Amino acid sequence: GDEVRRGQVLMFSGGVLGVYLVAGTPVHDVSEQYLLSAHMVQHTVFTVVAAPLLLAGIPAWVWQAVLRQRGLMPIARMLVHPVVAFALFNAVMVLTHLPVTVNYSLNHHWFHFGVHAVLLVSAMIMWWPILSNVPELPHITAPLQMAYLFLQSIVPTVIAAFISFADTAVYSFYEQAPRMWGLSPEEDQQLGGGLMKLIGSLIYWGLIAIVFFQWYNREQAADAEPHWTDV
């Protein structure tokens, strides 16, 4: 394949580091045994930090080598369509944060691992229309990227609001878990929802601003170029 750029190495390494920090350190144990807030931070890092960094760090020729396998390109083209990618990821987000799913995953570690894997993969699919570097499956235009990111910022906010403003503990596992740092189940729940909303909003709206200014600069540069007309 082509040479891997230093920026790609840094982004991929950052994605791996993000996964490690929330899945290979005591953060993972705290999220599985004590605090919902740590659990929400873990899922947020998987989906809006690690996933885009991993996707941006993988060179196009790696994806092209995989997609050359028979039958994979049509499936990939369907999955990374913006409507499908958006719907798939948000369906996974809702399903994996239902009380029955969370309580079951915290009592069955193999299932919890599967939830993390599905979250990470679905998040990479969701980010594809924004970050793709594969010519065969290109990213969408800048105006559509801004609209896509705006819509994507809404669903996690709804989930976070549901968790933050609930009158009682949503997840029975964390209601019965040993307490840490003097946080009651309700306070822990409010903190988790707030962190989910804050981190996600900062990243989505920060990227909207970056896409807008990059698009604006390209348009300005195009307008500044001389245009020759026949006399």
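# Report on an all-helix chain

Thr47 has a relative accessible area of 3% and is therefore buried, since buried means under 20%. In this predicted model, Thr47 belongs to helix H3, which covers residues 36-57. Setting aside residues up to four places away in sequence, the residues that Thr47 touches are Pro52, Phe89, Met93, Leu119, Ala123 and Trp127.

## The chain as a whole

The chain has 12 helices and zero strands. Its pattern along the sequence is accordingly written α-α-α-α-α-α-α-α-α-α-α-α. The C-alpha trace spans about 80 × 40 × 30 Å along its principal axes. Of the 231 residues, 42% count as buried. The exposed surface of the chain is about 12,800 Å², and carbon and sulfur atoms supply 70% of that area.

How many of the contacts between residues at least 6 apart in sequence join residues at least 24 apart? The share is 75%.

## Nonpolar cores

In soluble globular proteins, nonpolar side chains tend to be buried together. In this chain the largest nonpolar core contains 48 residues, and Trp63 and Trp127 have the most contacts inside it. Helix H8 gives the largest share of this core, with 10 residues. Another core, of five residues, lies apart from it and includes Val30, Leu35, Ala38 and Leu183.

Trp63 touches Leu55, Ile58, Met124, Trp128, Asn133 and Val134, when residues up to four places away in sequence are not counted. Trp127, the other residue named for its contacts inside the largest core, is also one of the residues touched by Thr47.

## Four buried residues

The table lists the relative accessible area of four residues, each of which counts as buried.

| Residue | Relative accessible area | Status |
|---|---|---|
| Thr47 | 3% | buried |
| Met196 | 4% | buried |
| Glu32 | 8% | buried |
| Ala38 | 12% | buried |

Glu32 lies in helix H2, residues 26-33. Leaving aside neighbours within four places in sequence, Glu32 is in contact with Leu106, His109, His112 and Phe173. The C-alpha atoms of Glu32 and Ala177 are 9.6 Å apart in space, while the two residues are 145 residues apart in sequence.

Ala38 is placed in helix H3. Its contacts, leaving aside neighbours within four places in sequence, are Val27, Val30 and Ser31. Val30 is also named with Ala38 among the members of the five-residue core. Ala38 and Val66 are 28 residues apart along the chain, and their C-alpha atoms are separated by 35 Å.

Met196 is placed in helix H12. Not counting residues up to four places away in sequence, Met196 touches Met40, Thr44, Met93, His97, Pro156, Ile159 and Ala160. Met93 also appears among the residues that Thr47 touches. In sequence Met196 is 151 residues from Val45, and in space the two are 9.3 Å apart, C-alpha to C-alpha.

## Packing of H7 and H8

Two packed helices are described by the angle between their axes and the distance between the axes. Helix H7 covers residues 99-107 and helix H8 covers residues 109-131; they pack at an angle of about 125°, with their axes 5 Å apart. Why are H7 and H8 called oblique to each other? Roughly perpendicular runs from 65 to 115 degrees and roughly antiparallel begins over 145, so the helices, at about 125°, are oblique.

On the H7 side the residues that meet H8 are Thr101, Tyr104, Ser105, Leu106 and Asn107, and on the H8 side they are His109, Trp110, Phe111, His112 and Val115. By class, this contact has five nonpolar, five polar and no charged residues. Leu106 of H7, and His109 and His112 of H8, are also in contact with Glu32.

## An exposed tryptophan

Trp181 sits in the loop between helix H11 (172-176) and helix H12 (185-224). Is Trp181 buried or exposed? Its relative accessibility is 69%, so Trp181 counts as exposed. The phi angle of Trp181 is near 60°, a positive value in a residue other than glycine.

Terms used: Residues are numbered from 1 along each chain as its sequence is written. Side-chain values use heavy atoms; hydrogens and water are left out. Axes are lines fitted to C-alpha atoms, for helices over the stretch in contact, and angles run from 0 to 180 degrees between N-to-C directions. Helices (H or I, at least four residues) and strands (E, at least two) are DSSP runs, numbered from the N terminus. Angles under 35 degrees count as roughly parallel, over 145 as roughly antiparallel, 65 to 115 as roughly perpendicular and the rest as oblique. Contact means heavy atoms within 4.5 Å. Ala, Val, Leu, Ile, Met, Phe, Trp, Tyr, Cys and Pro count as nonpolar, Asp, Glu, Lys and Arg as charged, and the others, Gly among them, as polar. Buried means under 20% relative accessible area, exposed over 50%, partly exposed in between (1.4 Å probe, protein chains only). Accessible areas come from the Shrake-Rupley method with a 1.4 Å probe; for residues, only the protein chains shown count as cover. A nonpolar core is a set of buried Ala, Val, Leu, Ile, Met, Phe, Trp, Tyr and Cys residues joined through side-chain atoms within 4.5 Å.
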